[in-house]
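User: I would like to go through the labels attached to this structure and hear, for each, what justifies it. Please set each value against its cut-off.

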Amino acid sequence: MKNSESIEKRRTFGIIAHPDAGKTTLTEKLLLFGGAIQTAGAVKNNKIKKTATSDFMEIEKQRGISVATSVMAFEYGGKQVNILDTPGHKDFAEDTYRTLTAVDSVILVIDCANGVESQTEKLMEVCRMRNTPVIIFVNKMDREGKDAFTLLDELEDKLDIKVRPLTWPIGMGDRFKGVYNIYEQNLNLFQANKTKREEEIVSIKDLNDPQLNDIVGDAFADELREELDIIDGVYDNFNREAYLEGKVAPVFFGSAVNNFGVQELLDTFIEISPSPIGRESDARYVEPGDSKFSGFVFKIHANLDPKHRDRIAFLRIVSGKFERNKFYHHVRLDKNFKFPNPTSFMAQDKSVIDEAFPGDVVGLYDTGNFKIGDTLTEGEKMMYKGIPSFSPEIFMELENLDPLKSKQLDKGIHQLTDEGVAQMFIMQPGNRKIVGTVGQLQFEVIQHRLINEYGANCRFAPKNYFKACWVTTDNKTQLDSFIKAKGNYLAKDKDDNLVFLAETQFLLNMAEQDYPELTFHKTSDFKLETR
Ligand code: G4P
């Protein structure tokens with residue numbers, strides 16, 4: 001198959017949601033409809049159950065599951081669909097942000113009762129940074145929830161994106177009758193069904209067809225006609241270009257657990273979603289059709305077996321063809337590597353692959369050479385731009401409890417932060433290490449892994465920092481005086497960039513006022529320009 005055909009065939013996307021909205025359930029149903037699994041229940045719930053924050057077995061399980069389900073690929077409608085999994089727990093949100101750099105579009109799942117929740121908003125902000133096309137699936141229509149129009153308003157308001165319903169619910173909760181497919185003009189009747197796919201589709205080309213009344217009853221039929229009239233009046237016709245530019249999100253209604261509305265979603269997704277798109281690098285924009293191979297690492301996963309320290313680096317292919325056993329250039333290290341066992345993940349199965357194309361994700365076994373954001377090419381010196389690191393929200397100082405194991409501790413914390421589990425800032429004097437994360441759970445994961453994988457015993461002492469800001473300037477005199485005054489609050493990140501650890505918003509404002517020539521960056525974005 002020619003490269004261009006392989007590219008056109010692929011659809012690489014992620015499913016995002018606030019925890020509990022139904023991401024896992026929808027993923028499973030898509031796999032079921034796509035024929036990748038035969039029965040429901042095959043995909044394990046990829047989340048740490050709410051109460052189990054200290055249950056390390058759960059953390060281990062989560063890690064195991066997320067390796068197995070990192071990429072789920074299946075063929076459907078002549079396309080190869082690659083679903084990239086995103087962690088369900090909010091403390092792993094950074095992982096999700098990074099995964100979003102590797103997808104070409106997303107499906108956002110909303111719970112019809114809860115509407116837009118905090119995590120939904122954050123995830124959408126990240127999508128908007130890259131104008132990622134979004135399809136919205138309003139889930140749990142078999143339960144009482146918000147009125148559909150209210151939900152659409154809330155989506156537009158809180159997510160700052162225009163919406164366009166492509167299916168429309170008839171009733172809700174106990175009175176849920178089904179969805180009308182505005183796009184296809186047919187009616188799909190609801191019957192609760194958790195295991196099989198079996199639906200009754202009635203084609204109604206003319207909404208005034210009395211058959212509609214016979215099927216759903218007069219009241220619902222009239223309401224549907226009225227509501228569809230309103231939709232036509234209020235919302236512009238669906239425009240695929242606007243969707244591809246991330247300006248409008250088509251909306252579907254359904255109930256994932258009951259297999260309802262999923263077929264419409266999948267069929268439309270196949271039809272409208274983008275094939276692999278190119279990526280911006282620090283040298284140029286790289287098109288997927290470029291003949292030379294290139295790709296970037298967006299996720300690193302430690303091996304579950306502590307006896308084998310190797311890790312899996314997940315590489316998204318941006319351009320050209322990736323081939324097994326061919327030498328590729330690791331741009332940051334300026335070294336060439338070849339990969340004898342590149343792995344693809346098909347639902348639960350792993351297999352070694354010989355080649356892969358733009359849009360694909362391959363797992364590369366790694367002994368510590370990769371960091372998140374690393375780029376592989378056929379020799380060209382360029383680095384892909386990713387999602388920047390955000391300032392962490394919780395800071396702790398790492399304390400060594402076993403002086404004889406300081407080397408192991410050092411190696412462990414470096415490797416774990418390379419994986420993106422947390423960020424590390426080093427303070428002087430004494431090389432004190434401050435670890436920053438977005439969630440408490442990561443500290444438990446780090447402590448557990450340091451002892452189990454590196455034999456290093458440690459403790460975390462809380463630090464009351466409010467934000468870590470990367471500091472840049474051209475004014476050396478002002479920088480020197482800042483360093484002199486704020487020495488106790490300064491650290492270096494792992495790439496040797498200067499970071500100010502501000503204790504409060506007030507102190508940060510003061511620093512900005514007192515040193516107007518310095519720029520205090522809240523994200524590591526600036527590194528992309530200076531790299
Ligand atoms: P997540 O990955 O987004 O966190 O959500 P997940 O799919 O695990 O779904 C969260 C809960 O919502 C699950 O119930 C799931 O069964 C339920 N759910 C998903 N889709 C629907 C739907 O369309 N209608 C209704 N009524 N419920 C739905 P749980 O009790 O937490 O887990 P389980 O014991 O059912 O697996």
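User: How many bridges join β29 to β30, and in which sense do the two strands run?

Analyst: This is a predicted model in which local features need pLDDT of at least 70, side-chain atom pairs count only at pLDDT 80 or more, and totals for chains, interfaces and linings use all residues. Residues are numbered from 1 along each chain as its sequence is written, and side-chain values use heavy atoms, with hydrogens and water left out. β29 and β30 run antiparallel and are joined by 3 bridges; two strands pair if DSSP finds at least two bridges between them, so the 3 bridges satisfy the definition. Strands here are DSSP runs of E with at least two residues, helices are runs of H or I with at least four, and both are numbered from the N terminus.

User: Which other strand pairs with β30, and which residues stand opposite V499?

Analyst: Strand β28 (residues 467–472) pairs with β30 in the antiparallel sense over 4 bridges. V499 in β30 is the bridge partner of W470, and A491 also stands opposite V499.

User: What makes β30 a mostly covered strand?

Analyst: Of its 5 residues, 5 are buried, where buried means under 20% relative accessible area, exposed over 50%, and partly exposed in between (1.4 Å probe, protein chains only). L498, F500 and A502 point one way, V499 and L501 point the other way, and all are buried. In a regular strand the side chains alternate between the two faces of the sheet.

User: Why is D496 called exposed, and what is noted about its phi?

Analyst: D496 has a relative accessibility of 55%, which is over the 50% cut-off, and therefore counts as exposed. D496 lies in the loop between β29 (490–492) and β30 (498–502), and in this hairpin, with 5 residues between the strands, its phi is near 70°, a positive value in a residue other than glycine.

User: What makes D104 and R316 a salt bridge, and are they buried or exposed?

Analyst: A salt bridge is a side-chain nitrogen of Lys or Arg within 4 Å of a carboxyl oxygen of Asp or Glu, and D104 and R316 meet at 3.0 Å, N to O, so the pair qualifies. The two residues are 212 residues apart, with D104 in the loop between α4 (93–99) and β4 (105–111) and R316 in strand β15 (residues 311–319). Both D104 and R316 are buried.

User: How do you know that K326 and E323 also form one, and why is each called partly exposed?

Analyst: The closest N and O atoms of K326 and E323 are 3.7 Å apart, which is within 4 Å, so this pair is a salt bridge too. K326 has 33% relative accessibility and E323 has 29%; because these values lie between 20% and 50%, both residues count as partly exposed.

User: Why is K146 called partly exposed when E154 is called buried?

Analyst: K146 has a relative accessible area of 27%, between the two cut-offs, and so is partly exposed, whereas E154, at 12%, is under 20% and therefore buried. These residues form a salt bridge, their closest N and O atoms being 2.8 Å apart.

User: How many salt bridges does a search of the whole structure find?

Analyst: The search finds 31 salt bridges. E8, R11 and K79 are linked in a network of them.
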